[in-house]
Amino acid sequence: MARLALGEVSPNPAVGAVVVKNSAVVGRGFTQPPGGDHAEVVALKESGAQAEGGILYVTLEPCVHFGRTPPCTGAIIAAGIAEVHIATLDDNPKVAGRGKAALEKAGIKVVMGEEEAEARQLNEAYFKYIRTGRPFVSVKYAMSLDGKIATREGDSHWISGEEARHIVHQMRHISDAIMVGINTALVDNPHLTARLGYGQGGTSHRQPLRVVVDDEGRLPRDAAMLSEPGQTLLVLGEKVEAGARKAYEKAGAEVLVMPGENGMVDLKGLLEHLGKRNITSLMVEGGSGVLGSLFDARLVDKVVCFVAPMIIGGAGARVPVGGRGVARMADALQLEKVSISQVGEDVMVTGYVRE
């Protein structure tokens, strides 16, 4: 149930709830878009009078504060629920154990920690955002078996297969924002939209914010993404003239100047800016310069790599991660909680950057 809310409720967490009475499910719910009911309330409304004396299973600690909606703890107590199973506590300081305490004070038995790891992974972006105020950064790229993301002439369509590209659109759908560097924007002219019906038509009704890092203002005014639904944030270096900035705004882009060292964009400052506008998750799709800078600055949380069973070759062919890199193997970024699966003919490797 919680997964049904992913991509629809940010900056709120995606929560699922189920009410059980006499060993039968009598109510189900998941978080509605901001301003709508939380998962627990949806499940309680569906269960009606059957909720009294029942058991509520919920993936995240029920809220105890007034936001856009009343606290869920009050609804649970009023419904007469006898027992609540909570997968994980909410790190939000407004909750942080207070929801559990309120239920116990009302005489409700609380069971903690069932499927906790899965529940925290499902809301990994929310927890990072609550803890740091910055979005959870996922890096995605597809490469050949010899580590290339394009030929020596820059051709990259397509390295990954149809199944892998479908997963990428699912990843876009659950992300608040998608980011690319200017070289990727120039070479691929991407639309950067989430299309859940990818391969069969169809576009997601909620589009992630498109972010383009363009130090020198080279993005064409007729770039495909500028005519797509949703917003495009063009992040420029300080050397880009005011006239060029206004031209981009006229073409439909939102312009942000984020000066860093040597005329480059300040990526850490950009993440802080995105956090202030309630972007909890950022998916980065390239190119090698942006990815390298993010890895060099230790700003990446998660890596998703699709490896295609092909050899491209060529000393001049592009590789996925540029930047300075490390001088010693001992300093290389290590991934943990690594999972490997086959997606069509490709292999998908997912891991988290070890803190």
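A residue counts as buried when its relative accessible area is under 20%, as exposed when it is over 50%, and as partly exposed in between. In this predicted model, asparagine 278 has a relative accessible area of 39% and is therefore partly exposed. Asparagine 278 lies in the loop between helix H9 (267-276) and S11, and its phi is positive, at about 65°, although the residue is not a glycine.

Leucine 192 also carries a positive phi without being a glycine, with a value of about 55°. Its place is in the loop between helix H7 (182-188) and strand S8 (209-214); because its relative accessible area is 2%, leucine 192 is classed as buried.

**Backbone features in loops and segments**

The table gathers the positive phi angles and the cis peptide bonds.

| Residue(s) | Feature | Angle |
|---|---|---|
| Leucine 192 | positive phi | about 55° |
| Asparagine 278 | positive phi | about 65° |
| Serine 10 and proline 11 | cis peptide bond | omega about 10° |
| Glycine 286 and glycine 287 | cis peptide bond | omega about 5° |

Of the residues joined by cis bonds, proline 11 belongs to the segment before strand S1 (16-21), while glycine 287 is located in the loop between S11 and helix H10 (288-296).

**The nonpolar cores**

The largest nonpolar core holds 32 residues, of which Met179, Val211, Leu270, Leu274 and Val284 touch the most other members. Two or more residues of this core come from each of strand S6 (136-144), strand S7 (177-181), S8, strand S9 (232-236), H9, S11, H10 and strand S12 (302-308). A second core, separate from this one, consists of 20 residues and includes Val19, Val26, Ala43 and Ile81.

Two members of the largest core can be followed through their contacts. Valine 284 sits in strand S11 (residues 281-284) and counts as buried because its relative accessibility is 0%. Beyond its neighbours within four places in sequence, valine 284 is in contact with Val137, Ser138, Val139, Lys140, Met179, Val290, Leu291 and Leu294. Between the C-alpha atoms of valine 284 and lysine 128, which are 156 residues apart along the chain, the separation is 16 Å. Leucine 274, with residues up to four places away in sequence again set aside, touches Pro135, Leu209, Val211, Leu233, Ile279 and Leu282.

**Lysine 302**

Strand S12 contains lysine 302, a residue that is buried because its relative accessible area is 15%. The lysine 302 side chain makes polar contacts with the side chain of glutamate 124, at 3.0 Å, and with that of tyrosine 352, at 3.5 Å. Its contacts, not counting residues up to four places away in sequence, are with Glu124, Phe136, Val137, Ser138, Val139, Thr350, Gly351 and Tyr352.

**The five-stranded sheet**

Strands of a sheet pair through backbone hydrogen bonds, either parallel or antiparallel. Here an open sheet of five strands follows the order S2-S1-S3-S4-S5, with mixed pairing, and its edges are strand S2 (24-30) and strand S5 (109-112), each of which pairs on one side only. On average, and with direction ignored, neighbouring strands of this sheet are turned by 15° against each other. Strand S3 (residues 55-58) and strand S4 (residues 83-86) run parallel and are joined by four bridges, with isoleucine 55 standing opposite glutamate 83 in S4. Helix H1 (residues 39-47) lies across S1, S2 and S3, and runs at about 140° to S2.

Conventions
Residues are numbered from 1 along each chain as its sequence is written. This is a predicted model: local features need pLDDT of at least 70, side-chain atom pairs count only at pLDDT 80 or more; totals for chains, interfaces and linings use all residues. Side-chain values use heavy atoms; hydrogens and water are left out. Buried means under 20% relative accessible area, exposed over 50%, partly exposed in between (1.4 Å probe, protein chains only). Contact means heavy atoms within 4.5 Å. A nonpolar core is a set of buried Ala, Val, Leu, Ile, Met, Phe, Trp, Tyr and Cys residues joined through side-chain atoms within 4.5 Å. A polar contact is a pair of N or O atoms within 3.5 Å; within protein, one must be able to donate a hydrogen and the other to accept it, and residues adjacent in sequence count only if both atoms are side-chain atoms. Two strands pair if DSSP finds at least two bridges between them. Axes are lines fitted to C-alpha atoms, for helices over the stretch in contact, and angles run from 0 to 180 degrees between N-to-C directions.
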